[in-house]
Amino acid sequence: MADFLDDFINISKEFGAIKDEVSDMGARLMGEEPERLIWNPADYKEYPKANPAMCVRCKYEDASCSKCLDVCPTDSIEFEDGGIEILKDCRRCGLCTQVCPTNALYISKYSADALYKEISKVAGTQNMAYVTCTRALGHVPEPSQVVLPCVGLISAEVWTSIKYDFPNVAIYLPIGICDKCRTTTGEEVYGNEVMLSEEWTDQNMDLVISEDEMDFGIRRDVERRDFVKNAAKSVGLNASKVNPITARLARVYEKLEAHQVKFDEINKSLDRLLGVKNSEKPRKLTPERQLILTTIKDHLELANRMQVEVPEINNDHNWDEEELKEVVNSCPTGALDIKDGTLEIEPTYCVSCALCVDLAPEIFRLETKSAEDAFYRFTPEAQKEREKELKRIEERKLERKEHIAKAKKLASKAANITEKIGDEFEKSDGK
Ligand code: SF4
Ligand code: SF4
Ligand code: SF4
């Protein structure tokens, strides 16, 4: 059945050029001008916004965090009077927003969640998705290309989640392109993030260096579905009320929706198990941590491979309760707390910004641990949840297997019927 459909699709592709003309004409007849995109690299760039309440340097000027300053290729970030100023020389590369552990600098359209969704949409409908930068591309992107101001905008967490969910993603960067780029720190940043993600996932990230090597095709399953819908419509069958493009996107949205459900489940279980608030203020889960928790849920091996830094607490030290309360309140994500006179940390919320270590080095010391030990180590109640989750994953796998078996049976039935019709047609000599 699939081969049969594929032959038809191939024939219909011959009409590709005509189809574009026809759809343009259709749009004009409807009084709409077909959309003509103009290449403007500035469309992909935005100045970062600042939220000083989340910045460790704004809270404590001797804080050791200088990630944004170190990565900025134009020295365009200044800290003054507890605030952050982005100077006019900013190239809008976005790298400071990617390296900032607390999201004190951010560009909403390039948040971890937004990037995941953007790449998923392309990878879910095209044979391949190519992530690239404005400089490397230099023209209006094809539907298979995702353009960013710098590939370094994608964190190891986003690469990891993408790589697990969509294996058909590659980076497109011609050789030597980064060497000549004025975003001088971009290559190192993207290299580090990709390397980290490769370590965590134990999978290599594909790199494409020439546009000639790219596959701009639409995924065959998507194409088949579009074709069937088109065919049904053309013979007047109301098989679907949605047009093929909507159907194609709907398929991706289904996947993204499932992802969002997992996101919400994570949040709910964290709220239940760890509390949305510490004793003083609400806790904040960064989009990167939220994304990686969602991915770990389906790929538990990742929790062992992923390494993070979390503070170890020396509770034997004699500390002044008032001073310590100040440290606890300074933690930008609310990961610290004092409960019944004991200092506690909830590492799920910790972003390794090191502010607590800078403020009270006698009490806090950063240690490298696996994500499993750091933030995926659950309370006994959560351990049960984890076992349930593992069971659910197994059940889902079984369900999928059964579905595939059923689909195969149906496909072979359909193929038999098609064959019979063909035989009958031949027998009747085409009459
Ligand atoms: S790192 Fe990039 S986006 Fe951030 S301030 Fe510097 S030039 Fe601007
Ligand atoms: S918390 Fe973010 S904005 Fe503040 S110094 Fe660190 S990297 Fe820069
Ligand atoms: S616990 Fe310490 S290192 Fe972790 S987010 Fe809070 S201040 Fe930063």
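**Exercise 1. Place helix α6 against the sheet and the core.**

Task: Find which strands α6 lies across, and how it runs relative to β5.

Solution. Start with the helix: α6 lies across β5, β6 and β7 (169-172), and its direction makes an angle of about 140° with β5. Keep in mind as you work that this is a predicted model. Next, look at the sheet itself. It is open and has four strands in the order β6-β5-β7-β8, paired in parallel. Its edges are β6 (145-148) and β8 (206-208), each of which pairs on one side only. On average, neighbouring strands here are turned by 30° against each other, direction ignored.

Now zoom in on one pair. β5 (residues 129-133) and β6 are joined in the parallel sense over four bridges, and Val131 has Val146 as its bridge partner in β6.

**Exercise 2. Find the centre of the nonpolar core.**

Task: Which residues have the most contacts inside the largest nonpolar core, and which helix gives it the largest share?

Solution. The largest nonpolar core holds 83 residues, and those with the most contacts inside it are Cys96, Ile119, Ala129, Val131 and Val151. Its largest share, six residues, is supplied by helix α6 (residues 112-125). To follow one of the well-connected residues, take Val151: leaving out residues up to four places away in sequence, it touches Val131, Thr132, Cys133, Ile171, Leu173, Gly186 and Tyr190.

**Exercise 3. Describe the β2-β3 hairpin.**

Task: In which sense do β2 and β3 pair, and how many residues lie between them?

Solution. Strand β2 (residues 77-80) and strand β3 (residues 83-86) pair in the antiparallel sense, over four bridges. Within this pairing, Glu78 of the hairpin stands opposite Glu85 in β3. Two residues separate the strands of the hairpin, and in the turn Asp81 has a positive phi of about 50°.

**Exercise 4. Compare the shells of the two ligands.**

Task: List what surrounds each ligand, then sort the shells by residue class.

Solution. Begin with ligand 1. It has 15 residues around it, of which Cys72, Ser76, Cys90, Cys93 and Cys96 come nearest. By class, that shell has ten nonpolar, three polar and two charged residues.

Turn to ligand 2. Its surroundings include Cys55, Cys65, Cys68, Cys100 and Cys353, as well as Arg57 and Lys67. Here the classes are nine nonpolar, one polar and two charged. Helices α3 (56-59) and α4 (67-71) each contribute at least two residues to this shell.

**Exercise 5. Judge the setting of Ser64.**

Task: Where does Ser64 sit, and what is it in contact with beyond its sequence neighbours?

Solution. Ser64 belongs to the loop between α3 and α4. Count its surroundings: 13 other C-beta atoms lie within 10 Å, so Ser64 is partly exposed. Then look along the chain. Ser64 and Leu355 are 291 residues apart, yet their C-alpha atoms are separated by 7.5 Å. Setting aside neighbours within four places in sequence, Ser64 is in contact with Ala354 and Asp358.

How values were computed. Residues numbered from 1 in each chain as written. Chains lettered and ligands numbered in written order. Predicted model: local features only at pLDDT ≥ 70, side-chain atom pairs only at ≥ 80, totals over all residues. Near = placed C-beta within 6 Å. Nonpolar A, V, L, I, M, F, W, Y, C, P; charged D, E, K, R; others polar. Core = buried A, V, L, I, M, F, W, Y, C linked by C-beta atoms within 7 Å. Buried ≥ 20, exposed ≤ 12 C-beta atoms within 10 Å, placed from the backbone. Contact = placed C-beta atoms within 7 Å. Pairing = 2+ DSSP bridges. Axes fitted to C-alpha atoms, helices over the stretch in contact; angles between N-to-C directions.
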